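Q: Please take a close look at the spaces that a grid search finds in this model, beginning with the sheet beside one of them. Careful, connected prose would suit me, with each cut-off given once.

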2 protein chains.
Amino acid sequence: MTTKIGIVGYGNLGKGVEGAISQNKDLELVAVFTRRDPAALVITSDAKVCHVDEAESFIGKIDVMIICGGSATDLPEQVPHFAQWFNTIDSFDTHAKIPEFFDAVNEVAANSKTTSIISVGWDPGLFSLNRVLGEAVLPQGDTYTFWGDGLSQGHSDAVRRIEGVKKAVQYTLPVPEAVDRVRNGESPTLTTREKHTRVCYVVTEPNADQDAISQAITAMPNYFDEYDTTVNFISENEFDENHTGMPHGGFVIRSGESAAGHKQIVEFSLKLESNPYFTSSVLVAYARAAHRLSQKGQYGALTVFDVPFSDISPKSPEQLRAELL
Amino acid sequence: MTTKIGIVGYGNLGKGVEGAISQNKDLELVAVFTRRDPAALVITSDAKVCHVDEAESFIGKIDVMIICGGSATDLPEQVPHFAQWFNTIDSFDTHAKIPEFFDAVNEVAANSKTTSIISVGWDPGLFSLNRVLGEAVLPQGDTYTFWGDGLSQGHSDAVRRIEGVKKAVQYTLPVPEAVDRVRNGESPTLTTREKHTRVCYVVTEPNADQDAISQAITAMPNYFDEYDTTVNFISENEFDENHTGMPHGGFVIRSGESAAGHKQIVEFSLKLESNPYFTSSVLVAYARAAHRLSQKGQYGALTVFDVPFSDISPKSPEQLRAELL
C-alpha cells in the first residue's frame, strides 16, 4: 500500500519531510503547499508546488497532510483547518497547551472522519512514549528527561535579539554528574540548575559592549537566569564553520525498583546530527500510521500513545514477528 | 478498572509477577496455579493456591492468566490450553519458533474470543519494539542488539553439566570497543566474537581437573566455541557471596542516516539488577493491556507490536496527554 503525502510549509521541517519520504518506498510525495507564491518556491523533489488555498482540490489524491508550521500560531489554526479534509500529522510541541490543541483537532477530525496524530516528533513524541513505558513497567521509581547536547532555537533567538549581537547560537548540555547519578540508580532530586547548563557562542557587531551582552544573556529571566550559562565570543568565521548545524538529542531515564528491591534502569537516548531531519523522519513514519488507522476507521485526534508500532512500520505483521520480535 | 490476574507456575518468573502485581493498585492477584501439590506451595501474597486442573472454574473470576512456564515445553502446550478460557500473557522467547507459536495460540484465542499477547518481556519484547521503531524512523541504517552485562541461564546450565563442576555461572558481556564504534555511528560489520565475550565463574568438586574443565567450556560447540571465553575458578564462598543474583541488560542501537546525510543514533538500554523481576514487571503491564484489548473485542494472538502504549499504562488517555506527552 502506498501512502500519498502532502507537505504544508517548506521550512527546515518541510524540507526534512521531503527528504524522509524519499527514503521510504511505500510513501509518495504528491505536493508541497505554501502560503508564499508557489512559482517562487524551488523544492528538491519533482512533486507539485501549490498554494495552500488549492489544498481542497487534492481530496482523494492525498492520504495524509504533514503540517510543518510553528506551534505558536501556525499549527493551532492549520491542523483543524486541514483535518476537515485530510488525515494529518503535526509536531505541536507547546506541552502545556496539548490538551486544548487535542480537543480542537479532535472535534474537527471526529466529525470529518479523518485521523489526526498530533504532537509527533521526539519530544513530544518518542521521549513521551518512553516516559509512559518507564512508568508502566516500573511503577515505583523516578523519570528523568535530559536534553542535549543540542541547539535550542528559542534560546538562540533570544540571544540574537540583544543589541550588538550579530550571530548567536545556544546549546543546552546535560550536566554529566547529574546523568551519572541517575544512571547509577541514585534517584537524586535535581534542580533546574543541576540538570542542564547552557553555552552560547556569540558574534558581536564592531564596538559592541561584550560585558554588557554577557550580562544581558546570563540574567535573562525564564531563558537563562535559572541556569549556569557560559558565553563565548567568537569570530564570524569560526561561527560559520562550526555553529550552523542543528544537532540535538537527550535521554529519558526511568530509575525504578522492583518489588524485591532490585534497581532497574531503563534508558532511551538520541544523538542527532540534525534535529529537524530526525523529527521529519518520525513525522513520516507516523504519516504511514495515520493512513492505516484511518482505513481501520480510527477517526479523531490521536497521539503517539494510541498508535501500535506495527502501524509505523512498512513491514507486515508476519514479517515483523519473524524478523524483529 | 481492576484487572484480576492468575499466575500459572511459581518459579522465578511467577514470584516476580506476584511482586510486580503488588506494585500496581489497579491489578489484583486472584490465584496461583501449580502442577505441584497446592498444599505444599507457600506464596508471598494472600492469593489462593490451586492446582492447574482447577483453572477452568475461575472463568469469569480471572481476567488474564500470566503463564510463567519455560519456552521449550511448557508454553507451547500451556498457552493454547489456557487461551480457550482466559486472556493470556506469556514470555515465549525461542525467536525462531515465534511464527509457529503465534499461529497455534491465535487459532485458539480467535475461536475462543480471548486475547493472548505472546512473547512479552524485554527480548523478545521491549528490545523488539525498539528494533521496529529504529527501522521505521531511520529506514537507512543498521540495527545492533547487544546483551549484558548479564547472567545467561542456558550457558550457566551448560557449564554445570560438565563433570567436576559443582557450581557455575556464565555472564555475557558486550565488547566495549564494539559498542563505542556503533554509538559513534561507524556502522561496523561485527562478527559474533567481536560483539560479546563470555565470562564463567566456576566452583569445582575436590580434585577436579580444572584444565580439562576450562577446555571443555571454551570448546563447547554452539555455546562457547564462537566466543572469547574467560574461565575463573573461585571458592564456593566467593560464589555464594557474589554470583547468586540474576543481573542482565543490554542495548538496541539504530545507527541511521537521514536523507541529507546526517548521522542519527537511537539507543534503548536496560541495566537490570534482576532479570526475572524486570521481565515480570513487563508481563504485568501487558496483562493490563490484554484485559483492555479483549474488552475492545481485539481477540486472537497479538504481540507487543500490536499494543499501543496507552493500553499498558494505568493512566487515562487524558492524563497521559496532560502529564507525559
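A: Helices (H or I, at least four residues) and strands (E, at least two) are DSSP runs numbered from the N terminus, and two strands count as paired if DSSP finds at least two bridges between them. The structure is a predicted model, in which local features need pLDDT of at least 70 and side-chain atom pairs count only at pLDDT 80 or more, while totals for chains, interfaces and linings use all residues. Residues are numbered from 1 along each chain as its sequence is written, chains are lettered from A and ligands numbered from 1 in the order written, and side-chain values use heavy atoms, leaving out hydrogens and water.

In chain B, 4 strands make up an open sheet of mixed pairing, ordered E8-E9-E10-E11. Its edges are strand E8 (150-151) and strand E11 (228-233) of chain B, each of which pairs on one side only. Strand E10 (residues 196-204) of chain B is joined to E11(B) by 6 bridges in the parallel sense, and one of the residues concerned, Thr197(B), has Asp228(B) in E11(B) as its bridge partner. E10 of chain B also belongs to the lining of a pocket, being among the elements that give two or more residues to the second largest one.

Chain A is divided into domain 1 (3-123 + 276-318) and domain 2 (150-246), with bounds that come from an automatic or database domain assignment. The C-alpha centres of these two domains of chain A lie 32 Å apart. The largest pocket draws at least three lining residues from each of domain 1 and domain 2 of chain A. Here a 1 Å grid over the protein atoms alone is used: a cavity is a set of points where a 1.4 Å probe fits but cannot get out, a pocket is an open set with protein on both sides within 12 Å along at least five of seven lines, and lining residues have an atom within 4 Å of a point.

The largest pocket holds about 1,400 Å³ of space, a volume being the space filled by probe spheres set on grid points joined across faces, edges and corners. It is lined by 45 residues, and Asp93(A), Asp123(A), Gln153(A), Gly154(A) and Asn275(A) are the closest to its centre. The elements of chain A that contribute two or more residues to this lining include helix H1 (12-22), helix H5 (153-160), strand E10 (196-204) and helix H10 (275-295). By class, the lining has 16 nonpolar, 22 polar and 7 charged residues, where Ala, Val, Leu, Ile, Met, Phe, Trp, Tyr, Cys and Pro count as nonpolar, Asp, Glu, Lys and Arg as charged, and the others, Gly among them, as polar.

In chain B, domain 1 (3-123 + 276-318) and domain 2 (150-246) both give residues to the lining of the second largest pocket, so this pocket lies between them. Its volume is about 1,200 Å³. Of its 35 lining residues, Asp93(B), Asp123(B), Gln153(B), Gly154(B) and Asn275(B) lie nearest the centre. H5(B) provides the largest share of the lining, 4 residues, and the classes come to 13 nonpolar, 18 polar and 4 charged residues.

Asp123(B), one of the residues nearest the centre of that pocket, is joined to Pro124(B) by a cis peptide bond with omega of about 5 degrees. Pro124(B) sits in the loop between strand E6 (115-117) and H4 of chain B. A cis peptide bond also joins Gly148(B) and Asp149(B), with omega of about -5 degrees, and Asp149(B) belongs to the loop between strand E7 (141-147) and E8 of chain B. Most peptide bonds, by contrast, are trans.

As for enclosed space, searching the whole structure gives 2 cavities of 30 Å³ or more. The largest cavity has a volume of about 70 Å³, and residues of both chains line it, among them Leu129(A), Phe309(A), Leu126(B) and Phe309(B). Helix H4 (126-137) of chain A and helix H4 (126-137) of chain B each supply at least two lining residues, with H4(B) giving the most, 4 residues. This lining has 7 nonpolar, 2 polar and no charged residues.

The second largest cavity contains about 50 Å³ of space. Its lining includes Phe268(A) together with Asn130(B), Arg131(B), Arg254(B) and Glu267(B). At least two residues each come from H4, strand E12 (248-257) and strand E13 (263-272) of chain B, and the lining divides into 5 nonpolar, 3 polar and 3 charged residues. Asn130(B) is thus listed in the lining of the largest cavity and in that of the second largest cavity.
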